[in-house]
Amino acid sequence: MFDKFSHRHLTSISQLSKSDIQTIFKKAENFLDGNVLKTAQSDVLKEKTVVLAFFENSTRTRLSFEIAAQRLGANIVQFQANASSVAKGESLTDTLATIEAMNVDFFVMRHSVSGAAEFLKDYAKSSIINAGDGQHEHPTQALLDGFTLQNIFKNLEGKKICIIGDILHSRVARSNISLLKTLGAEIALCAPKTLLPNDISEWNCEVFKTSDEAVEWADAVNVLRLQKERMESGLLPSLGEFSKYYGISMRHVLQKPDLVILHPGPVNYGVEIQYDVANCENSYIRQQVTNGVAIRMAILELLSENF
């Protein structure tokens, strides 16, 4: 039995209560248990249309939403910003209004501007789902990360989770901190000062100076990609220096054999994490991808109940 999920949009983890999060997790668990991920066994979104509007490149999130929508029987439209009137200067609100005039139900959006999804929901008739906005939030990634950790530990209350790497540019980190704290976990960060936000004090997280210290403290680590495409020069002395002090290697697995390792992908092997670590028994990276489909199926179905 699920608690009532009263939201029309999903733009931020902050809008979700602990009960909301567990309702999403329970629904996702049902999809995993029923093998719905392997084939289309549901028509809950039959005659509904899901628009995937990715203004930034994506592989995992875009395909995950596409497969999730297919499994629920939805019609799917791929919106290509560089081949649309956006390239001619059309505003985001006009683009949304034009697409909604064609009777769509979901607008799944990734955008380079922080707050774009939150802004757009005030103009929307369809359900807006934030698939990542600038350096702000990535709520569905945080939900699948939290779901993966809960399935491993059964209860996240008091569990120690350290987020390691490029936190400054990471929407994943911001959403994870909010979600995991809501679920009762202790959160720490590990990054060079140049890759930490200036307002870090408001997160009330312990900060470690090396990955060795982080692993010693943590039950699980969520290792973030070094987002070189967003960086200004001078933030790091070298990739080798970063890897030495903040990367995760097999010696960390030997240091703590029961350490749980997550990574949202894509992975820079040899920089933030070594290849053998990403593919060892401690790594749940592939399970995160599988869980992502279940989580996004759950979100689409729950939001559809509030049309």
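**Exercise 1. Burial and overall size**

Find what share of the 307 residues is buried in this predicted model. Then decide whether the radius of gyration agrees with that of a compact globule.

*Solution.*
Step 1. Buried residues make up 57% of the 307 residues.
Step 2. Turn to the radius of gyration. A compact globule with 307 residues would have a value near 19 Å.
Step 3. The protein has 19 Å, so the value agrees with the globule rule.
Step 4. Add the outer dimensions. Along the principal axes, the C-alpha atoms fill a box of roughly 55 × 45 × 35 Å.
Step 5. Finish with the surface. The accessible surface comes to about 13500 Å², and carbon and sulfur atoms hold 47% of it.

**Exercise 2. Elements, contacts and charges**

State how many helices and strands the protein has. Then say what part of the contacts joins residues 24 or more positions apart, and where the charge centres lie.

*Solution.*
Step 1. Count the elements: there are 11 helices and nine strands.
Step 2. Take the contacts with a separation of 6 or more. Of these, 75% are between residues 24 or more positions apart.
Step 3. Count the charges. There are 31 positive and 36 negative side chains.
Step 4. Compare the two sets in space. Their centres lie 2 Å apart.

**Exercise 3. Helix α5 and its end**

Check the length of helix α5 against the expected span. Is the helix enclosed or open? Describe the residue that follows it.

*Solution.*
Step 1. Helix α5 covers residues 139-153, which is 15 residues.
Step 2. At 1.5 Å a residue, α5 should span 21 Å. Its end C-alpha atoms are 21 Å apart, so the two values agree.
Step 3. Look at burial. In α5, 13 of the 15 residues are buried, so the helix is largely enclosed by the rest of the structure.
Step 4. Move past the end. K154 follows α5, and K154 sits in the loop between α5 and β5 (160-164).
Step 5. Read the backbone angle. K154 has a positive phi of about 75°, although it is not a glycine.
Step 6. Classify K154. Its relative accessible area is 65%; exposed means over 50%, so K154 is exposed.

**Exercise 4. Helix α1 and its partners**

Test the span of helix α1. Which elements do its buried residues pack against?

*Solution.*
Step 1. Helix α1 runs over residues 18-33, so it has 16 residues.
Step 2. The expected span is 22 Å, and the end C-alpha atoms are 22 Å apart, which agrees.
Step 3. List the buried residues of α1: D20, I21, T23, I24, F25, K27, A28 and F31.
Step 4. These buried residues pack against α5, α6 (171-182) and α11.
Step 5. Now take one residue of α11 (residues 285-304), N291. N291 has 1% relative accessibility, so it counts as buried.
Step 6. Beyond four places in sequence, N291 touches L32, L144, F147, T148 and N151.

**Exercise 5. Two buried residues**

Where do H252 and I200 lie? Name what each one contacts.

*Solution.*
Step 1. H252 is part of helix α9 (residues 250-255). Its relative accessible area is 0%, so H252 is buried.
Step 2. Leave aside neighbours within four places in sequence. H252 is then in contact with S211, D212, V215 and G247.
Step 3. Compare chain and space. H252 and A214 are 38 residues apart along the chain, and their C-alpha atoms are separated by 9.8 Å.
Step 4. I200 lies in the loop between β6 (186-190) and β7 (206-208).
Step 5. At 18% relative accessible area, I200 is under the 20% cut-off, so I200 is buried.
Step 6. With neighbours within four places left aside, I200 is in contact with L189 and V207.
Step 7. I200 and L168 are 32 residues apart in sequence, and 9.5 Å separates their C-alpha atoms.

**Exercise 6. Backbone details in loops**

Classify the peptide bond from G265 to P266. Then place N103 and decide: buried or exposed?

*Solution.*
Step 1. Omega from G265 to P266 is near -10°, and the bond is cis.
Step 2. P266 is in the loop between β9 (260-262) and α10 (275-278).
Step 3. N103 belongs to the loop between α3 (92-100) and β3 (106-111).
Step 4. Its phi is positive, near 65°, and N103 is not a glycine.
Step 5. N103 has 63% relative accessibility, so it counts as exposed.

Notes
Residues numbered from 1 in each chain as written. Predicted model: local features only at pLDDT ≥ 70, side-chain atom pairs only at ≥ 80, totals over all residues. Heavy atoms only, no water. Helix = DSSP H or I, 4+ residues; strand = E, 2+ residues; numbered from the N terminus. Rg over C-alpha atoms; globule rule 2.2 N^0.38 Å. Buried < 20%, exposed > 50% of the residue type's maximum accessible area, 1.4 Å probe, protein only. Contact = heavy atoms within 4.5 Å. Areas by Shrake-Rupley, 256 points an atom, 1.4 Å probe, with all protein chains shown as cover. Lys, Arg positive; Asp, Glu negative; His and termini not counted. Charge placed at Lys NZ, Arg CZ, Asp CG, Glu CD. Expected span 1.5 Å × (residues − 1).
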